[in-house]
Amino acid sequence: MEAAAVTSFSSIFPLYSTIRTTPRSSTFLSLRSLTSFPSPLPTSFPHLSSPGNSVSLLNRSLCTATRSHMEPEPPVPPFQGAESFFRNVLGSMETVYLNRNPTAKSVLELVRSVDNDRICYDHLAFRTFGVNGYGIDSMAQFFLDFGYKPREELRFPAKKLRALWFSPPRISHTDTGTGVHGPLPRIFISELLVDQMSPPAQEIIRKYTEISGSGNKHAALASAQGFLTWEKPLYSEFQQLARESEYAAWTLVNGYAVNHVTISTHQLKSHLRNIEMLNQFIEENGFKLNSEGGVLKVSPDGLLLQSSTVADSVSFQFSDGVTESVPCSYIEFAERLVLPQYKNLPDKEVKEYHRRDGFEVGNADKIFESTSKDQLTRRAA
């Protein structure tokens, strides 16, 4: 997030009207109608109906949240809209991410050099403020419009966070292409539960989301162009948020930027498809990995293995003229093992839906620490 690259969003609002598409299916609501949808939540998800909750309006599809990780993937809906446009937007998000995060760019190039230039993404992740319409819904709508489906909610009480992940729609060709031009990734969107923050922290966050006006309706564009939808904050405000929530401070200066992309290690062709081999390879090439809870994060069922680098730091010029280093983004690695009921399948017959799906709170809680001061300080040591 170099100072020159962080700009007020108001100057490019007109551009969005030229690229915003209308969903082909009436199943997908516009952002405006989504934010005013009056139907109550089903009683099976009462925890989603709390005041100010921005994911409550995704309830129509949340019935899938009870599906076990051990069950096969249900029928996948087809892609909606123009695939080339969607991938180009993802490509713009990726370009902003790589330009701001030299570690991620270097790691991707390093892995590609070993694995014949092809990498598949497991998921992309975003952070949001759960207040004034700036939470999960604001970024999710872009993906819902193109056929993504809400899956499971994850909660992180100690961090005052919750998250929702989305599974991709079906596309006709996935065997070629790399990165955002390969198999469509899952999407992981988290939000800060602003109402649980201290009054001074709430005041800062509400100040900037209110300044943004309708910027939440253009979250995908902000991410693709590398703009904040609000004005740059004061350095003292960033410091105050960082003391209470490093997640909040990160989101204040990074906005809707991609928080991380994740390499799907089991889809690599070389020896690096084993995540422990990949971790060793990354460290041998001079990159620091997030050590919170151990370098390798393992789900209780032993089927989801994850690790990540420590975030890059970038120079950011605050509105009061102060220029300081702030955390930016990182790159993650995920290996999804084959479900027990498919363990006898020949390797060549194993598909993604034969593998462990979803996310794990314990793993994700530690991955969040990739942007923490403790990990960044260790990286600089």
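A residue counts as buried when its relative accessible area is under 20%, as exposed when that area is over 50%, and as partly exposed in between. The exercises below apply this scale to a predicted model.

**Exercise 1. Describe the chain as a whole and state how confident the prediction is.**

Solution.
Step 1. The secondary structure consists of twelve helices and ten strands.
Step 2. The chain has 381 residues, and 55% of them count as buried.
Step 3. Among the contacts with a separation of 6 or more, 75% join residues that are 24 or more positions apart.
Step 4. The mean pLDDT of the chain is 84, with 78% of the residues reaching 70 or more. Over residues 1–68, however, pLDDT stays under 50, and the model has 126 contacts beyond four places in sequence for this stretch.

**Exercise 2. Which residues of helix 10 are buried, and how are they arranged about the helix axis?**

Solution.
Step 1. The buried residues of helix 10 are I275, L278, N279, F281 and I282.
Step 2. Viewed down the axis of helix 10, these residues fall within an arc of 165°, and therefore they line one face of the helix.
Step 3. The face turned away from the buried side carries E276 and E284, which are exposed.
Step 4. The cover over the buried residues of helix 10 includes helix 4 (102–114), strand 7 (304–308) and strand 10.

**Exercise 3. Carry out the corresponding analysis for helix 8, and identify the elements against which its buried residues pack.**

Solution.
Step 1. In helix 8, the residues Y235, E237, F238 and L241 are buried.
Step 2. Seen down the axis of helix 8, the buried residues fall within an arc of 160°, so they line one face of the helix.
Step 3. These buried residues pack against helix 6 (199–211), helix 9 and strand 9.

**Exercise 4. What is the volume of the second largest pocket, and which element gives the largest share of its lining?**

Solution.
Step 1. The volume of the second largest pocket is about 420 Å³.
Step 2. Its lining is made up of 18 residues, of which F238, A242, S325, P327 and K373 lie nearest the centre.
Step 3. The elements that contribute two or more residues to this lining are helix 8 (235–244), helix 9 (246–254), strand 9 (323–327) and helix 12 (373–380).
Step 4. Helix 8 supplies the largest share, namely five residues.
Step 5. By class, the lining of this pocket has nine nonpolar, six polar and three charged residues.
Step 6. F238 links this exercise to Exercise 3: this residue is buried in helix 8, and F238 is also among the residues nearest the centre of the second largest pocket.

**Exercise 5. How many cavities of 30 Å³ or more does the structure contain, and what lines the largest cavity?**

Solution.
Step 1. A search of the whole structure finds six cavities of 30 Å³ or more.
Step 2. The largest cavity has a volume of about 100 Å³.
Step 3. This cavity is lined by 15 residues, and F188, H260, A364, I367 and F368 lie nearest its centre.
Step 4. Two or more lining residues come from each of strand 1 (121–129), strand 4 (186–192), strand 10 (330–336) and helix 11 (361–367).
Step 5. Strand 1 gives the most, with four residues.
Step 6. The lining residues of the largest cavity divide into eight nonpolar, five polar and two charged.

**Exercise 6. Locate the loop residues S270, E292 and D301, and classify each as buried, partly exposed or exposed.**

Solution.
Step 1. S270 lies in the loop between strand 5 (260–264) and helix 10 (275–284). With a relative accessible area of 15%, S270 is buried, because the cut-off is under 20%. Leaving aside residues up to four places away in sequence, S270 touches V114 and D115.
Step 2. E292 lies in the loop between helix 10 and strand 6. Its relative accessibility of 35% makes E292 partly exposed. Not counting residues up to four places away in sequence, E292 touches K297, K366, E369 and Q375. The C-alpha atoms of E292 and S370 are separated by 8.2 Å, although these residues are 78 residues apart along the chain.
Step 3. D301 is placed in the loop between strand 6 (297–298) and strand 7. At a relative accessible area of 33%, D301 is partly exposed. D301 and L339 are 38 residues apart along the chain, and their C-alpha atoms are separated by 10.0 Å.

Key:
Residues are numbered from 1 along each chain as its sequence is written. This is a predicted model: local features need pLDDT of at least 70, side-chain atom pairs count only at pLDDT 80 or more; totals for chains, interfaces and linings use all residues. Side-chain values use heavy atoms; hydrogens and water are left out. On a 1 Å grid over the protein atoms alone, a cavity is a set of points where a 1.4 Å probe fits but cannot get out, and a pocket is an open set with protein on both sides within 12 Å along at least five of seven lines; lining residues have an atom within 4 Å of a point. Grid points are joined across faces, edges and corners, and a volume is the space filled by probe spheres set on the points. Ala, Val, Leu, Ile, Met, Phe, Trp, Tyr, Cys and Pro count as nonpolar, Asp, Glu, Lys and Arg as charged, and the others, Gly among them, as polar. Buried means under 20% relative accessible area, exposed over 50%, partly exposed in between (1.4 Å probe, protein chains only). Contact means heavy atoms within 4.5 Å. The arc is that of the directions from the helix axis to the C-beta atoms. pLDDT is the predictor's confidence in each residue, from 0 to 100.
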